[in-house]
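User: Please take a close look at one strand hairpin in this structure and the strands around it. I would like a connected account that also places this part within the whole chain.

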Amino acid sequence: MKLNNGRYTIDGVDVLELAENFDTPIYVYSAEKMHDQFKTLQEAFPGVKLGLHYACKALSNINVLKLMKSFGTGLDAVSIQEVWLGLKAGFEPSEILYTPNGVSMDEIEMAINEGVKINIDNISILEQFGAKYGNKVPVCIRVNPHIMAGGNTKISTGHIDSKFGISYYQLRHVERVVKLYDINVEGLHMHTGSDILDAEVFLRGAELLFEAAAGFKDLRYMDFGSGFKVAYKENDITTNIKDIGNKIAERFKKFCSEYGRELELWFEPGKFLVSESGFFLVKTNVVKQTTSTMFAGVDSGLNHLIRPMLYDAYHHITNVSNPQGVERIYAVVGYICETDTFGWDRKLNEVREGDILAFHNAGAYGFSMASNYNSRFRPAEVLILDGKAHLIRKRETIQDILNNQIELNF
Ligand SMILES: *Cc1c(COP(=O)(O)O)cnc(C)c1O
């Protein structure tokens, strides 16, 4: 978002006009920013065969999927429904990696029937899979290296108490199952969470996967998941992609030469590709001074952007309507009948009722985690493509709330 002559714009499109034309609350995404992020990753791992699978749970609008497809990414799907979405968006089955957690064999079979790549994350399913498919369908195995990513157990998935993946310490057991059923393991996978700060953490997990690779002779790729950070606050430490990229590429090439074959290096970024491309625009309904606090109450809440309440996530907020206003301190809150505080003690240009506020970093886990709680409509979505704003999801109506409800006659 840029400020020029007193007006904020996104890729040249006036933000207040967006709010006016499409109404609020609304998610706005910049296709250009997504492409920039994609390029950054694509160029960060010199000299290796890189495979990027967009983790579509971050933002799953079909147009965003099509955009990623046009960039040349594959898709990381965590549910059969995301697999279907990906196929609908035009991905080839072979471009989709299905990485579920805790699903039934039935759902895995549905994915196999769609022809997508399968990532297995527990030994029970691996045994059932082996008994039924043997070496007919190649698989990837999700390993939990027990590396603590960041310090937040809410978003870290690789620690010792995590439900994700097959423990690194159980790999001997895995090797036995693989041998018994002649399972074709074509990939090893780890995803340690969403908060990896430096190359060292990444590489520690990678070393364990490299060690594990010795037990699997038919590997084609190694998937290091995601965890690429983006800046939410000013001065936030972000994953230094170039640094990480160089180090990992070097280490990976060395591993490949020891392993005896050139494997593909895969990642599944979600947040990195879409977070910063997104803005969430809301309107200020009320400004309310209490004894202790100045509240700005907006036409949204935890039903539309739950990360601040769920993860204590920080989303920077800008008063788009009053760039020259004096700065004052606000608590920005939602309209849901729960405590739904977006941010405490935020320094905003004076907020007046009717002002449009913009939440930054709203591309990832914004709309995709939205709900109809309080029977509110979910927001509309707009994609800015080649300098033009396109509505890519219309606002809901009361019919959407009633859909699938079966009204009894009594
Ligand atoms: C959520 C998820 C990702 C993406 O994580 P980000 O932090 O959004 O990049 C990648 N892989 C798997 C298996 C996931 O569950």
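Analyst: Two strands are said to pair here if DSSP finds at least two bridges between them; strands themselves are DSSP runs of E with at least two residues, helices are runs of H or I with at least four residues, and both are numbered from the N terminus. The model is a predicted one, in which local features need pLDDT of at least 70 and side-chain atom pairs count only at pLDDT 80 or more, while totals for chains, interfaces and linings use all residues. Residues are numbered from 1 along each chain as its sequence is written, and side-chain values use heavy atoms, with hydrogens and water left out.

The hairpin to look at is the one that S14 and S15 form, with 4 residues between the two strands. Strand S14 covers residues 278-289, and its pairing with S15 is antiparallel and runs over 5 bridges. Within this hairpin, Val286 is the residue that stands opposite Gly297 of S15.

Strand S15 itself spans residues 294-298, and because 5 of its 5 residues are buried, the strand is largely enclosed by the rest of the structure; buried means under 20% relative accessible area, exposed means over 50%, and partly exposed lies in between, with a 1.4 Å probe and protein chains only. Its side chains divide between two directions: Met294, Ala296 and Val298 point one way, Phe295 and Gly297 point the other way, and all of them are buried.

S15 also has strand S17 (residues 327-333) as a partner, and there the two strands run parallel, joined by 3 bridges. In that pairing Phe295 stands opposite Ala331 of S17. S15 is thus joined to S14 in the antiparallel sense and to S17 in the parallel sense.

A second hairpin, formed by S20 and S21, can be read alongside this one; it has 2 residues between its strands, and Asp386 takes a positive phi near 50° there. Strand S20 (residues 380-385) is mostly covered, with 5 of its 6 residues buried. S20 is joined to S21 (residues 388-393) by 5 bridges in an antiparallel run, and in S21 the bridge partner of Leu383 is His390. S20 has a parallel partner too, strand S4 (residues 26-30), to which 5 bridges join it; here Tyr27 stands opposite Glu381.

For contrast with these covered strands, Ala131 belongs to helix H6 (residues 123-133) and counts as exposed because its relative accessibility is 55%.

As for the whole chain, the protein has 12 helices and 21 strands, and 55% of its 410 residues count as buried. Residues 24 or more positions apart account for 68% of the contacts with a separation of 6 or more, where a contact means heavy atoms within 4.5 Å. The radius of gyration, taken over C-alpha atoms and compared with a globule rule of 2.2 Å times the number of residues to the power 0.38, is 23 Å, which agrees with the value near 22 Å that a compact globule of 410 residues would have. Along its principal axes, the C-alpha trace spans about 70 × 60 × 40 Å.
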